[in-house]
Structure formats: C-alpha cells, structure tokens
Amino acid sequence: MTNCVRKVAAAAALAALGAALAGCGGGAGAPATGREARMGTPAASASTSGSASAPAAPAPAPGSTAASPQAGAPAKPPTMAPGPNGLTPVFERAKQRTDKTVALTFDADMTSDQGPRAADGEHFDNPALISTLRALKVPSTIFMTGRWAEEYPDQAKSIGTDPNFEIANHSYSHHAFTSPCYGLPALDGAAARADVDRAFAAFRQAGAVNTVPYFRFPGGCYDDQALRAVSTAKVTAVQWDVVSGDAFAKDPVAVAEQVLDGVKPGSVVVMHCTRSAAPVTEEAVRRIVPELRKRGYRFVKVSELIGK
C-alpha cells in the first residue's frame, strides 16, 4: 500500500512482521501490473480486476454459509462481478462515497507452523477486542485464517454465530499467494486454491455459520496469477484503503489517530485480532469508535459496503 505508514509503523516494523503479521500493510512504490506482485496496492488491482458490483451474487465459495438474512438484507452476501478474463474481482472501498459508512476489519492471523508458539503460551487471539466490539455494537468483518479457527474453535464459533460479525477467508496457512511477500513462503496455483477451501472447511468444522465469500490475500500481496488461482472459489478479494498501523504498535493513541486521519466515507480499515502481535488494538478501537460516531459515521460490515 503506497501510503501504508505515516505515524505508527516504520519500515523496520514492516520488515519485522515476517510470516507472523504480513497483512498489516504493504510495500511502497508504484503499483505493479501483470505478474508482478501487487503488495498492498489495492487501487491498481481494482482497476485491473473490475469494480462494478454484480446485480446478482454468485454462489458462495465451497464451505461457506451465508449469514442468516436480517430484515431488508439480501439473502446472500453480495459479491462483485468477475474482472477481465474471469479474474477474481478486488474490492478496496465502497463505490458510493457520500454515505458516511466505514468498515472495520480485523485479520485473525496465524500461520500453519505457529502451533508450537501457541502451545508455549503465545496468544494469537484477542478476546478483549471481540468483547469491546460487542459492547460498542460495532458490526465487523473478521478475516480469519483456517489455522486460527483450528487453534481457537470455540472463539471461531462464537464469532461466527454472532450476527454482529461476519467471518471472511484469510487463507488457511497465511502463506503468500505470490512472491515476494514479506518473506512468506509462497503457494503455487493449485495449492493456493486448496488453501482457500481448507480455510472454509476449518470455519465449518468450528461451527461458524456467518461466513461470507470474501478473501483477503496474506500480506495483501497478489498478481494476476493469484487472482486467476482463486477465481474458481467465487470469492471477492477484499483489500483496504486505511491501514491502522496496529501491528507491533505500542501507542494506541497513535494507532487511533492514524485511522481517524485516514477514514473517508466508504473506507475499509485493516486492523488485527492478534494479541501478541497487535497488543494495543482493543484500546485503539475504544478511541476510534466514539470519535467516528461523533463525526457522523456508521459502522458496517464489508458485505454492506460491497452491496452499495
């Protein structure tokens, strides 16, 4: 993402993310095209992949189950029309940019090889954050890895049966879908497609039902080959236009200020639901939510933004 870090995350912090939390931002520089990795440059990707919302949503990805419809809500979560040559479409920010809505999204990151660290007491979850979102009545989208759902099945089920939340796919392994991507090991096309399916299966196994056919690339890194690899999953790739900088941050005020400075009508904010790597997120949210409400913003899930 070209404007990834202004106050909180420095270049050294991004390098330190490694395989643990690559999804917090992206690389600097001009957007790449073709097979070059687009690392956190959603605007360029959206123009390549198409940006019009489909009038009728395709079937959800294998293993996904739409949330129970609420009054006035569509029966299926809306998705976007495929891009050129059938590439997976990419959503960054609501096309309707006059309505003061904003989506807070939280990446529940855990790589496929971090089980021993969890066994040693490292916390990849953040129950206090989920409790705060519930208490503040903030509808949110949680981009969860399948490995996280396996490590915390009770929490995955609790989140995935709460109408306040929707669970989207952040891959099973949190490995890269293109390379280079912050040092993450890369998957080839067939393995990438299987990784998406395996994550949906992990959500289903945990008992989560409020899942949506949205996918966030680990690290925000993708190219046309990655978009092609997941196209048969019938998902919409979801990026962001506001980076919170919460990964490894120590100052919740600075995180909150970065979000507040960046939010515009229709924004998608990327944050994290991982205590060990994003320890101040919950406190930052308690500052962000009342201030944005004071400014007239309404919090929505990604599905509502895509549906506009």
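A residue counts as buried here when its relative accessible area is under 20%. With that in mind, welcome to this predicted model. By that cut-off, Asp107 and Arg216 are both buried, and these two residues form a salt bridge with each other. The tour below starts at strand 6, moves to helix 7, and then takes in the salt bridges, the disulfide and a few backbone details.

**Strand 6 and its partners**

- Strand 6 covers residues 211–215, and 5 of its 5 residues are buried.
- In a regular strand, side chains alternate between the two faces of the sheet.
- Here, Thr211, Pro213 and Phe215 point one way, while Val212 and Tyr214 point the other way.
- Strand 5 (residues 165–169) pairs with strand 6 in the parallel sense, over 2 bridges.
- Within that pairing, Asn169 sits opposite Phe215 of strand 6.
- To get from strand 5 to strand 6 the chain passes through helix 7 (residues 189–206), and this β-α-β crossover is right-handed.
- Strand 8 (residues 236–238) is also a parallel partner of strand 6, again with 2 bridges.
- Across from Tyr214 you will find Thr236 of strand 8.

**Helix 7, the connecting helix**

- Helix 7 is 18 residues in length and spans 26 Å from its first C-alpha to its last, close to the 26 Å expected at 1.5 Å a residue.
- Its buried residues include the alanines Ala192, Ala199, Ala202 and Ala206, along with Val196, Phe200 and Phe203.
- Two residues with charged side chains, Arg193 and Asp195, are on the list of buried residues as well.
- Among the elements that cover these buried residues are strand 4 (140–144), strand 5 and strand 6.
- Helices take part in the covering too, including helix 5 (146–151), helix 6 (153–160) and helix 8 (224–229).
- Just after helix 7 comes Gly207, which has a positive phi near 100 degrees.

**Salt bridges**

- The whole structure holds 11 salt bridges.
- Asp99 and Arg298 form one of them, at 3.7 Å from N to O.
- This pair links distant parts of the chain: Asp99 is in the loop between strand 2 (90–91) and strand 3 (101–108), Arg298 is in strand 11 (residues 298–299), and 199 residues separate them.
- Asp99 counts as partly exposed because its relative accessibility is 27%, and Arg298 is also partly exposed, at 39%.
- Arg298 has a salt bridge with Glu304 as well, at 2.8 Å from N to O.
- Through shared partners, Asp99, Arg298 and Glu304 are joined into one network.
- Glu304 has 31% relative accessibility and therefore counts as partly exposed.
- In the salt bridge of Asp107 and Arg216, the closest N and O atoms are 2.7 Å apart.
- That pair also links distant parts of the chain, with Asp107 in strand 3 and Arg216 in the loop between strand 6 and strand 7 (221–222), 109 residues apart.

**Cysteines**

- The model has 1 disulfide.
- Its partners are Cys181 and Cys221, with their sulfur atoms 2.2 Å apart.
- The S-S torsion of this pair is about 80 degrees, so the disulfide is right-handed.
- Cys181 lies in the loop between strand 5 and helix 7 and Cys221 in strand 7, so the bond ties together parts that are 40 residues apart in sequence.
- Both Cys181 and Cys221 are buried.
- Cys273 is another cysteine to find in the structure, and its relative accessible area of 1% makes it buried.

**Backbone details to look for**

- The peptide bond that joins Ser179 and Pro180 is cis, with omega about 5 degrees.
- Pro180 belongs to the loop between strand 5 and helix 7.
- Tyr182 is in the loop between strand 5 and helix 7 too, and has a positive phi of about 55 degrees although it is not a glycine.
- Lys137, likewise not a glycine, has a positive phi of about 55 degrees.
- You can locate Lys137 in the loop between helix 4 (127–135) and strand 4.
- At 61% relative accessibility, Lys137 counts as exposed.

Key:
Residues numbered from 1 in each chain as written. Predicted model: local features only at pLDDT ≥ 70, side-chain atom pairs only at ≥ 80, totals over all residues. Heavy atoms only, no water. Buried < 20%, exposed > 50% of the residue type's maximum accessible area, 1.4 Å probe, protein only. Helix = DSSP H or I, 4+ residues; strand = E, 2+ residues; numbered from the N terminus. Pairing = 2+ DSSP bridges. Right-handed = clockwise from strand over helix to strand, strands pointing away. Salt bridge = Lys/Arg side-chain N within 4 Å of Asp/Glu carboxyl O. Expected span 1.5 Å × (residues − 1). Contact = heavy atoms within 4.5 Å. Disulfide = S-S within 2.5 Å.
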